[in-house]
Amino acid sequence: MSDVTFRPARADDAEQIRWALYEALAWHPERELPPPEVTLEHPEAARYHRDWGRPGDFGVIAAAGDEVVGVAYCRLFTADDHGHGYVDEKTPEVAVAVRDGWRGTGAGTRLLKELASVARERGFRRLSLSVDRANPAAGLYERLGYRHLHVDESGMRMLLDLEGP
Ligand SMILES: CC(C)(COP(=O)(O)OP(=O)(O)OC[C@H]1O[C@@H](n2cnc3c(N)ncnc32)[C@H](O)[C@@H]1OP(=O)(O)O)[C@@H](O)C(=O)NCCC(=O)NCCS
């Protein structure tokens with residue numbers, strides 16, 4: 001992890017955002033999804049990456065040399081157009097992925113902490129996300145202070161309060 005650097009995501013990082021979203025959706029090692037070009041065009045997925053760089057989008061990219069090894073990003077949604085992690089129009093929804101081979105080395109923790117600090121700087125008070133109940137990432141979110149908001153068959157909605165210590 002010592003050779004990993006972190007930088008803000010830019011408007012021209014759309015490919016990295018799409019990669020992270022696909023990895024997050026395809027988290028289950030035994031559940032194969034259609035390829036990215038199919039999965040990411042589904043309306044449920046497209047709303048999380050289309051027109052990346054619009055107002056309210058922000059993120060953090062982890063890189064080892066020229067290789068992107070992880071991405072955490074946020075997007076705002078509206079009451080009329082949102083996914084499972086939605087709380088309200090002022091609460092950005094988080095997605096995160098670390099490249100296989102780099103997982104378990106602390107990059108995800110660092111990405112999520114950096115993302116929370118960017119969100120705080122931008123004046124947001126909370127972050128939300130949605131995670132499958134069986135995904136071990138839920139333990140990581142809990143460790144970082146996310147609390148459970150809602151649980152149903154499609155997963156768990158979690159919320160991080162950014163105003164705490
Ligand atoms: C979830 C993820 C971003 C965490 O990044 P990471 O760099 O592996 O995280 P860290 O090394 O900082 O911390 C490891 C934690 O992630 C959890 N984790 C989830 N999937 C993991 C994996 N494949 N390998 C290692 N750790 C994993 C571990 O259980 C550990 O949690 P704990 O601290 O409660 O024990 C990364 O594992 C990943 O990309 N997974 C696939 C995509 C995904 O599930 N995204 C989230 C969708 S909601």
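Ala, Val, Leu, Ile, Met, Phe, Trp, Tyr, Cys and Pro are counted here as nonpolar, Asp, Glu, Lys and Arg as charged, and the others, Gly among them, as polar. On this basis, the shell around the ligand in the predicted model has eleven nonpolar, eight polar and three charged residues.

The protein contains five helices and seven strands. Along the sequence these elements follow the pattern β-α-α-α-β-β-β-α-β-α-β-β, beginning with a strand and ending with two strands. The C-alpha atoms occupy a box of roughly 40 × 40 × 30 Å along the principal axes. For 165 residues, a compact globule would be expected to have a radius of gyration near 15 Å, and the value for the protein, 15 Å, therefore agrees with that expectation.

The ligand sits in the largest pocket of the protein. Several elements each give two or more residues to the shell around the ligand, namely helix 1 (14-25), strand 4 (93-98), helix 4 (107-121), strand 5 (126-131) and helix 5 (137-143). Of these contributions, the largest share is that of helix 5, with five residues. In total, 22 residues surround the ligand. The closest are Val98, Gly104, Gly106, Thr109 and Arg143. Val98 falls at the end of the range of strand 4 (93-98), and Arg143 at the end of the range of helix 5 (137-143), while Thr109 falls within helix 4 (107-121).

Polar contacts to the ligand involve the backbone at three positions listed here. At Gly106, a backbone N or O atom is 2.7 Å from an oxygen atom of the ligand. A backbone N or O atom of Gly108 lies 2.8 Å from a ligand oxygen atom. For Thr105, the separation between a polar backbone atom and an oxygen atom of the ligand is 3.1 Å. Taken alone, the ligand exposes 840 Å², of which the protein buries 76%.

Terms used:
Residues are numbered from 1 along each chain as its sequence is written. This is a predicted model: local features need pLDDT of at least 70, side-chain atom pairs count only at pLDDT 80 or more; totals for chains, interfaces and linings use all residues. Side-chain values use heavy atoms; hydrogens and water are left out. A residue is near a molecule or strand if one of its heavy atoms lies within 4 Å of it. A polar contact is a pair of N or O atoms within 3.5 Å; within protein, one must be able to donate a hydrogen and the other to accept it, and residues adjacent in sequence count only if both atoms are side-chain atoms. Accessible areas come from the Shrake-Rupley method with a 1.4 Å probe; for residues, only the protein chains shown count as cover. On a 1 Å grid over the protein atoms alone, a cavity is a set of points where a 1.4 Å probe fits but cannot get out, and a pocket is an open set with protein on both sides within 12 Å along at least five of seven lines; lining residues have an atom within 4 Å of a point. A molecule sits in a cavity or pocket if more than half of its atoms lie within 2 Å of its grid points. Helices (H or I, at least four residues) and strands (E, at least two) are DSSP runs, numbered from the N terminus. The radius of gyration is taken over C-alpha atoms; the globule rule is 2.2 Å times the number of residues to the power 0.38.
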